[in-house]
Structure formats: structure tokens, C-alpha cells
Amino acid sequence: MRHRVSVVKWPIRLNVKHFNTSSADKPDGSEIGLPRTQCPIQNHRARSTHAVSTVFEAINPSVRSWEEVPGPKPLPLLGNTWRFIPYIGGYSVEHVDKVCMSLRQQYGKCVKIAGLLGRPDMLFVFDAGEVERVFRSEDAAPHRPPMPSLNYYKHTLRKDFFGAEKDCAGVIAVHGDSWAAFRTKVSRVALSTGAAAQYTEQVADVADSFIQRIREIRDENSETPDDFLNEIHKWSLESLGLIALDTRLGCFSSSEGSDSQRLIDAVHTFFLCVGELELRTPWWRIYPTAMFRRYVAALDTILSVTLKHVERALESSEKVSNKSLLQDLVTAAGSRVAAVAALDMFLVGIDTTSNAVASTLYQLSSRPEVQESLYEEISSVVQGRQLRAGDINQMPYLKACVKEVLRLYPVVIGNGRQLTKDTVICGYKIPQGTQVIFQHYVMGNSDEYFADAQEFRPERWLQKSSYKHPFASLPFGFGRRMCLGRRFAELEMHVMISKIILNYKMEYHHKPLDYHIHPMYTPDGPLRIKFIER
């Protein structure tokens with residue numbers, strides 16, 4: 001298998017007609033003082049969103065119009081885009097968590113942000129019952145909010161690669177039949193029983209390497225350096241490379257300019273740029289901005305490095321007899337599908353997993369009693385031996401700790417859908433094409449769904465009566481567009497944390513860190529954690 005990634009030639013010829021302003025950028029008359037409307041059909045389940053809308057309107061003529069949905073009022077010409085202008089608008093991309101909290105407090109459980117230049121209107125939903133109803137009534141191929149920049153990269157700039165085979169563009173920034181066909185090919189392997197568990201011992205070996213890496217990078221006070229998060233990124237890439245490419249990439253010994261460090265840097269650049277490109281006015285559709293050029297270069301790096309390692313892994317796999325995820329994908333769907341699946345895994349699987357682990361370590365470092373409970377559980381299972389497949393399933397408190405961190409500090413603070421039909425949500429008729437954001441960060445931190453929501457209590461996940469709705473916290477999504485790599489990500493996180501707890505006690509002796517979007521939801525500042533040998 002040989003693929004070549006062509007060099008970007010500027011200027012890109014873009015059709016300015018793609019730069020559309022939402023039709024709802026006119027003032028909608030919504031005011032802060034509108035009463036909050038109780039969602040009238042909570043827990044109602046239907047077979048399709050279209051059916052829900054039709055049936056509901058037939059039996060309840062009080063369904064309110066889109067214009068009546070509360071939310072910040074757009075200005076003429078500027079819409080609501082001005083609110084995201086630094087130092088002027090008051091809405092910060094870096095602190096969308098605080099923006100969403102404010103929207104919930106000010107407008108209620110269903111909030112409209114209309115008039116975003118170059119973007120569809122958005123609806124923020126803070127009601128877990130409505131989240132469940134929408135998810136359970138989805139069609140066979142639900143649409144997530146599009147990523148126009150990634151869609152342009154896959155289907156225009158690099159269509160020679162992603163369009164070379166039918167239905168081979170991956171699952172990210174892909175929708176409809178093409179998405180469904182690709183997902184079916186990959187899910188047969190990635191979601192099969194035991195697909196992740198078979199990697200327990202190999203992932204544990206990577207975690208052992210990281211344990212040793214901590215010993216090497218600690219200072220005289222046994223604290224980690226300011227760039228400790230980058231070391232966790234290396235661990236995540238090493239683990240994912242083992243799963244997706246059947247190889248150890250050597251990340252812990254990587255240096256500036258190495259493939260592994262280039263891949264880490266490129267993924268980080270991708271996430272930093274995509275938030276700006278997708279949430280701010282998309283000038284890149286008119287001309288290739290400096291940020292868009294960085295974004296394309298990062299994607300080219302991820303693609304080229306991934307393809308090189310896929311080719312190498314496929315060549316070496318012919319010499320070994322043991323089956324792997326990569327080999328299974330090649331057998332089931334072909335080498336190109338395997339390569340694109342690996343690319344998508346790197347795009348969404350490195351920063352998300354590493355930031356989840358970083359956040360968990362930070363939260364545990366100030367809770368010695370939780371660490372001791374974890375140590376007792378983990379040590380009683382492994383009893384001095386190496387981790388084996390099935391061990392993690394005997395560690396419910398470990399799983400509960402990770403769930404609790406992701407409830408309070410989800411690395412991706414919301415899930416989304418783009419409506420393919422007019423749909424009734426929270427008693428309002430929401431038009432087709434609207435981007436609906438299910439705000440799990442806000443719901444996860446709400447006393448309405450979790451008793452004493454601001455308290456860190458992993459035990460709540462061991463007693464179902466202590467939380468009130470399973471759809472309030474969905475760190476991996478739900479349904480057909482749920483994260484395909486969930487089982488692998490959970491395996492990596494659980495193994496890593498269990499290994500650290502077995503080897504170290506953790507302490508944190510610096511000022512508390514706030515969280516921000518950068519590009520995941522992560523502690524804002526250096527993770528100078530003290531690791532004390534057990």
C-alpha cells in the first residue's frame with residue numbers, strides 16, 4: 001500500500017456562496033424575562049423525531065414556535081457573533097463552560113443562540129429527559145454538528161485519498177449513508193466483545209514504561225515538570241499506536257522532530273485550531289487564513305505519519321501469527337479502511353484520553369482517602385502480579401472514580417446533533433438544520449440530577465439511587481454516534497490509573513487550578529504533582 005499526500009497549493013479557490021448567514025440572524029424578540037417552559041413530553045419515546053413532532057402537535061396545539069425560544073437577542077447585521085469577540089462580547093471560547101452555566105441560569109433549560117455569521121443557529125439543551133428522548137428517537141444515520149473545516153479537508157483538499165474508495169472517508173465530519181457504511185465496517189471489529197480486553201497486558205506494559213518515565217522526570221521534590229501534560233500525551237499516543245497500528249512508537253524516548261512528537265504536536269494543533277475555525281466567523285471559507293494553513297498542515301502531518309506506520313504495521317503483521325485490531329480491520333474491510341480508521345482514532349483519541357487521565361490524576365492528588373480506597377481495591381485484585389484481561393472488571397471503585405471526574409470535568413463538555421427534520425424539544429418546534437448541543441457539563445454539575453453535585457463522591461456511581469438520570473452525564477455520547485473507541489479509551493485510562501496508584505501516592509501543593517477549554521476541558525496550569533513511592 002502506497003499513498004502520497006499532495007502539497008497544498010495556495011490560494012485555494014473557494015466559492016464565496018458557501019459563506020452563508022443563518023436565516024435566523026434577525027432579532028427574534030426573545031427577552032430575558034420569558035418564563036421557563038417545562039418540557040411537556042419528558043421521557044416520551046418515539047421511533048423518529050419526525051413522528052414525535054407530528055404526534056405532539058396533533059395532541060397539544062400549545063407547541064411554541066422557534067421564535068419564542070429564549071436566548072440572547074441578536075443584533076441587526078452582527079447577530080450574536082459579536083458576543084464572541086474578545087474583550088467586547090463577553091462570551092469566551094476558552095470558557096464556554098462558564099458561558100453555558102450563565103445561559104442556563106439566565107434563560108432556562110432550552111436556550112437559542114441565533115444569528116451566528118456563517119453558522120447554523122444553535123440550541124443548548126440542559127434537560128436530561130429531553131436529551132434521552134432526542135437520542136432514543138434518532139434515525140438510523142443521525143447527523144452530528146458538521147465540522148466544515150474538516151469536511152473541506154476530507155472532501156475537497158484531500159478527496160484524492162478519502163474519495164478513492166466508496167464510503168471510505170471515516171466517521172468524523174462524515175454523515176448519511178457514507179458514514180453508516182464506514183461505521184458498520186469498523187464497528188464489527190472495534191465494538192466486538194473482547195476487542196479491547198485482549199490488549200490489557202500490552203497496554204499495561206505501556207503504563208509500566210510511563211511509571212518509569214515519571215521516576216526519570218521528577219525533580220528533587222519528587223514533583224513533575226511544568227510540561228507533564230505533554231508526557232501524558234506521549235503515553236496516550238504510545239497506547240493508541242499499539243492498538244491502532246500494532247506497534248510501539250517509542251514516544252517516551254522521542255525527541256523534537258521525531259515522528260511521535262510531530263504527531264503529538266499535530267494533534268494538539270488540530271484541536272487548538274478546530275475550535276477557533278468552527279466557533280468563530282469562518283473567514284477561511286473566503287481565503288486561507290494563517291490558522292487554516294496551520295490546521296491543514298497539522299492534518300497532513302497526521303495523515304502522512306499514520307499512513308507510514310500503517311504500511312509498516314501491515315508489512316510486519318505478515319510475519320506474525322497473532323491477530324490484532326489492525327489485522328482484523330484489514331481482513332474485514334481492507335487496508336484503506338484500516339488506515340482511515342487509524343487516522344480518525346488519532347484525531348479524537350489522543351488529546352481526549354490524555355486530558356481525562358491528567359484531570360483524574362489532578363483530582364486524586366488532593367484526595368488521599370480516595371487514593372487509599374483505590375489502592376486497597378486494586379491491590380486486592382492483582383495481588384502482586386501483572387494485570388490480566390478481566391481484572392479491571394473487578395475494580396468498580398476505580399471505574400466510579402473515572403466516571404466522577406468525567407461528570408464534573410468532562411473533557412468534551414457537550415454532545416451535539418444537527419436536526420434532519422423539524423423536531424419538538426422542550427415544547428418548542430425546532431427547525432431542521434438547527435445544531436442542538438446537549439450540555440452535559442452543566443447537567444453533570446446540577447443538583448437536579450446529582451445530589452450534592454459539587455462534591456467529589458465516586459460512591460454515587462455504585463448506588464444508582466444517588467443519581468437521578470443516566471443521560472445527564474454522557475462523556476462518550478450515546479447511540480449510533482457514540483464514541484467507537486470508548487472501550488479502548490476506558491481500558492487505557494483504567495490501566496494507567498491503576499498502575500500509578502499501585503506505585504505512587506500523589507500530592508498537590510500549589511494553588512488550585514481552574515479549568516478551561518484548551519482545546520479539551522482541562523486544568524488551566526502546570527500539573528506539578530508530587531509522586532511518592534509506595
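A residue is called buried here when its relative accessible area is under 20%. By that cut-off, buried residues make up 56% of the 534 residues in the protein chain. The model is predicted.

**Whole chain**

Start with the cartoon view. The chain holds 16 helices and ten strands. Its accessible area is about 22,600 Å², and carbon and sulfur atoms supply 52% of that. Among the contacts with a separation of 6 or more, 75% join residues 24 or more positions apart.

Next, colour by confidence. The mean pLDDT of the chain is 85, and 87% of the residues reach 70 or more. Select residues 1–58: here the pLDDT is below 50, although the stretch has 128 contacts in the model beyond near neighbours in sequence.

**The loop between helix 1 and helix 2**

Go to the loop between helix 1 (49–59) and helix 2 (96–107), where Leu-75 is placed. Select Leu-75 together with Leu-77 and Leu-78. These three leucines form a nonpolar patch on the surface, and their accessible area together is about 320 Å². Leu-75 has a relative accessible area of 36%, so this residue counts as partly exposed.

Stay between helix 1 and helix 2 and select Tyr-87, which is in the loop there. Its phi is near 70 degrees, a positive value in a residue that is not glycine. Most residues other than glycine have a negative phi. Is Tyr-87 buried or exposed? Its relative accessibility is 88%, so Tyr-87 counts as exposed.

**Helix 4**

Select residues 148–157, which make up helix 4; seven of the ten residues in this helix are buried. Tyr-152 and Tyr-153 are among the buried ones, as are Pro-148 and Lys-154. Keep Tyr-152 displayed, as this residue also belongs to a ring cluster.

**Aromatic pairs**

Show the side chains of Phe, Tyr and Trp. The model has 23 aromatic pairs. In one of them, Phe-270 and Phe-271 meet edge-to-face, with 5.1 Å from centre to centre and 70 degrees between the planes. Both of these phenylalanines are buried. Now add Trp-284, Phe-292 and Tyr-295 to the selection: ring pairs link them with Tyr-152, Phe-270 and Phe-271 into a cluster.

Move on to Tyr-409 and Tyr-515. How are the rings of this pair arranged? The ring centres are 4.1 Å apart and the planes stand at 15 degrees, so the pair is stacked. Tyr-409 lies in the loop between helix 14 and strand 3 (415–418), while Tyr-515 is in strand 8 (residues 515–517); the pair therefore ties together parts 106 residues apart in sequence. Tyr-515 has a relative accessibility of 3%, so this ring partner counts as buried. Tyr-409, with a relative accessible area of 21%, is partly exposed, because the range for buried ends at 20%.

**The loop after helix 13**

The last stop is Gln-383, in the loop between helix 13 (368–382) and helix 14 (396–408). Gln-383 is not a glycine, yet has a positive phi of about 50 degrees. Its relative accessibility is 66%, so Gln-383 counts as exposed. Tyr-87, visited earlier, also has a positive phi and is likewise exposed.

Definitions and conventions
Residues numbered from 1 in each chain as written. Predicted model: local features only at pLDDT ≥ 70, side-chain atom pairs only at ≥ 80, totals over all residues. Heavy atoms only, no water. Patch = residues over 30% accessible without salt bridge, like charges linked within 9 Å, V, L, I, M, F, W, Y side chains within 5 Å. Areas by Shrake-Rupley, 256 points an atom, 1.4 Å probe, with all protein chains shown as cover. Salt bridge = Lys/Arg side-chain N within 4 Å of Asp/Glu carboxyl O. Helix = DSSP H or I, 4+ residues; strand = E, 2+ residues; numbered from the N terminus. Buried < 20%, exposed > 50% of the residue type's maximum accessible area, 1.4 Å probe, protein only. pLDDT = per-residue confidence, 0-100. Contact = heavy atoms within 4.5 Å. Phe/Tyr/Trp six-rings, centres within 6.5 Å; stacked < 30°, edge-to-face > 60°.
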